[in-house]
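Visitor: Could you take me through one part of this model at close range? I would like to see how a pair of helices pack, and then how that fits with the rest of the chain.

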Amino acid sequence: MTRPPDVALPPDVALPPEVALPPDVALPPDVALPPEVALPSEVARAAEAVHAPEAVHVPKAALPLEVARVPEAASVSGVALLPGAERPPGAADASGVARLPTDARAPEAVLSPEAVRVPGVDRVPGVDRVPGVDRVPGVDRVPGVDRVPGVDRVPGVDRVPEVVHMPEAVRVPEVARVPEAVRAPTAAEIGGERRPALPSLTGARWWAAFAVFVLHALVFLPVYPFQKSELFRHIHQWLPMQLGAAGVTFFFVLSGFIIYWSFRPGMPVTLFHRRRVLKIYPTHLVAAAAFVLAAGVPLHRLVVWLPNVLLVHAWVPKWSTVGGLNVPSWSLASEMLFYLTFPLLLPLVRRIPAQRLLLAAAVLVLAVLAMHAAFYLWVPGPKGIANAFAPRLVPGDSSPHFELHASQAWFAQPDIPVARSYWLGYTFPPARLPEFYLGVLTARMVLEGRWRSTRLTPPLLALAIAYAATWVVPIDFKMSALLIAPTAAVVATMAARDLAGIRGSNAHPRMVWLGNISYAFYLIQFPVMVLVTRFLIGGRQFGILGWTGFALLTLVLATAAAAVLYHWVDVPVMIRFAGRTAPRAKAPPTMTP
């Protein structure tokens with residue numbers, strides 16, 4: 001097409017070749033479009049006019065937050081209604097122009113540098129805006145031009161909502177947030193370039209560590225005669241061994257979730273392993289050294305401390321080895337096995353189709369139940385349903401200076417047997433490995449949009465029911481088998497809530513800080529209990545009030561020691577040797593795996 005000779009355009013204005021202007025149109029002389037602007041021929045805009053309703057469709061979804069207003073207005077003040085359109089009764093915009101009915105067709109359209117924004121559509125791909133141009137002054141419409149040839153509608157848009165224009169700076173309050181809608185992660189996030197922070201999961205780690213602390217305070221603070229009383233027996237019935245075991249199960253599932261969430265494709269295996277070792281070992285070694293000093297461990301007996309330091313002690317079915325040093329560190333042997341296998345099994349995990357992730361997780365849970373059923377049926381060990389766990393007591397009514405696991409008598413034992421089915425089902429690292437990979441599958445479901453529920457009550461209720469069921473099942477099922485599925489559901493839902501912008505109490509900065517120090521707190525609590533027992537409890541008699549006071553004192557001291565370990569050991573080591581960046585004072589909370 002050619003432009004009629006009587007149309008006066010500025011020399012630097014370039015219109016697409018397929019646009020024909022009638023001979024009676026002359027753009028004002030002050031219209032200057034930058035020469036680098038070349039609008040694609042398939043884009044039709046209107047300068048302070050409206051798109052043809054039948055040509056523009058808007059999805060019914062809620063407007064995103066960034067659609068706060070439509071620039072200027074969708075129509076031009078003083079422009080009459082389009083032919084065939086009637087003003088609805090009482091409908092007028094702020095500028096005196098009536099709304100367009102949804103079935104009206106605009107006979108004229110114009111190319112404009114500042115198009116009316118379509119709610120729900122950020123931009124037309126490849127076209128951001130016309131730089132430096134706000135509007136075409138003085139141009140209401142181009143007479144005689146029906147549309148840009150070849151453009152029927154904006155692709156992917158269904159219809160125009162009833163309101164086709166909005167007064168300037170009008171906000172839509174009801175679209176501030178859709179609580180139940182979880183945003184889909186972007187391709188960059190799925191591809192591993194970046195992942196959103198999950199502060200709620202960081203804060204939740206503290207509650208898992210705290211559950212372990214409550215059980216250990218009940219068992220490892222030898223407050224006599226309270227621990228020998230009927231009251232203690234009743235309390236221990238309601239706070240049994242599986243309370244701490246539930247915290248460990250949460251740690252294992254969450255660890256698998258976070259490792260997958262934070263793993264970057266293409267990361268060298270050596271770098272991954274180095275970072276994992278640097279995350280685990282420095283705090284573990286400091287806590288082990290603190291226990292050695294507090295308990296006076298005989299270093300000449302290598303069997304007591306060397307397997308623990310190397311984190312291979314949980315592979316040996318002997319209490320003298322599993323609990324030979326800092327008792328809570330047994331779980332780190334399972335962590336190390338997961339870190340070793342993760343790069344090897346990750347390709348298999350990624351081959352699972354997204355639509356079958358839930359099925360794969362269900363199969364994994366059934367495999368765990370079958371494994372524990374096999375331990376119950378064919379491995380020697382207790383077969384009843386009673387909570388058979390109790391503190392190891394020594395004779396006398398005065399409190400000992402050392403709890404039995406920290407005593408010289410314990411360190412001198414050549415062999416302390418453990419029930420084989422209990423060892424296989426609870427502390428044997430390969431038996432706990434499925435819990436990590438259940439967390440990995442859960443992370444994939446959340447990341448790829450297969451888990452979008454943000455309702456936390458159902459999974460928490462399921463977890464409470466599963467925990468209550470541990471009172472009526474054999475010991476082989478008490479410690480983790482019944483808890484892993486609802487635990488994974490809780491983790492997935494909390495992550496989905498973080499992605500949806502639903503910030504609960506666990507996302508509070510103080511809870512995030514407690515979650516960050518929870519690993520150090522988990523490891524240092526037993527050495528602190530040994531010190532409190534040795535210097536404050538030993539040789540005296542206390543009841544429940546005495547135990548409560550010492551438990552609170554231990555909680556405060558262990559939290560302070562964990563903060564020192566986190567800020568002076570963990571963070572500096574990770575920055576210096578693992579390539580982590582130093583945390584900023586006002587940075588948003590992040591999750592460190």
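Guide: Helix 9 and helix 12 are roughly antiparallel to each other, a label used for angles over 145 degrees, while angles under 35 count as roughly parallel, 65 to 115 as roughly perpendicular and the rest as oblique. Helix 9 covers residues 357–378 and helix 12 residues 429–447, and they pack at an angle of about 165° with their axes 9 Å apart. The axes are lines fitted to C-alpha atoms over the stretch in contact, and the angles run from 0 to 180 degrees between N-to-C directions. Helices here are DSSP runs of H or I with at least four residues, strands are runs of E with at least two, and the numbering goes from the N terminus.

Please keep in mind that this is a predicted model, in which local features need pLDDT of at least 70 and side-chain atom pairs count only at pLDDT 80 or more, whereas totals for chains, interfaces and linings use all residues. Residues are numbered from 1 along each chain as its sequence is written, and side-chain values use heavy atoms, with hydrogens and water left out.

Back to the pair: helix 9 and helix 12 cross in a left-handed manner, meaning that the near helix is turned anticlockwise from the far one by less than a right angle (clockwise would be right-handed). On the helix 9 side, the contact involves Leu 357, Leu 358, Ala 360, Ala 361, Leu 364, Val 365, Val 368, Met 371 and Phe 375. Helix 12 answers with Ala 431, Pro 434, Tyr 437, Leu 438, Leu 441, Arg 444 and Met 445. Contact means heavy atoms within 4.5 Å. By class, this contact holds 15 nonpolar residues, no polar ones and one charged; Ala, Val, Leu, Ile, Met, Phe, Trp, Tyr, Cys and Pro count as nonpolar, Asp, Glu, Lys and Arg as charged, and the others, Gly among them, as polar.

Now for a second pair. Helix 2 (residues 199–220) packs with helix 16 (residues 509–516) at about 60°, the axes being 7 Å apart. That angle makes helix 2 oblique to helix 16. Their crossing is left-handed. Helix 2 contributes Pro 199, Thr 202, Gly 203, Arg 205, Trp 206 and Trp 207, and helix 16 contributes Met 511, Val 512, Leu 514, Gly 515 and Asn 516. These residues divide into six nonpolar, four polar and one charged.

Gly 515 of helix 16 deserves a pause: with 0% relative accessibility, Gly 515 counts as buried (under 20% relative accessible area; exposed is over 50%, partly exposed in between, with a 1.4 Å probe and protein chains only). Leaving aside residues up to four places away in sequence, Gly 515 touches Thr 202, Arg 205 and Trp 206. Its C-alpha atom is 8.2 Å from that of Leu 201, although the two are 314 residues apart along the chain.

Beyond helix 2, the loop that leads to helix 3 (230–238) holds Pro 225, which is joined to Tyr 224 by a cis peptide bond with omega of about 0°. Another backbone detail is Leu 311, which has a positive phi of about 60° without being a glycine. Leu 311 sits in the loop between helix 6 (302–309) and helix 7 (319–322) and is buried, with a relative accessible area of 4%.

As for the whole chain, it has 18 helices and zero strands, and buried residues make up 51% of its 593 residues.
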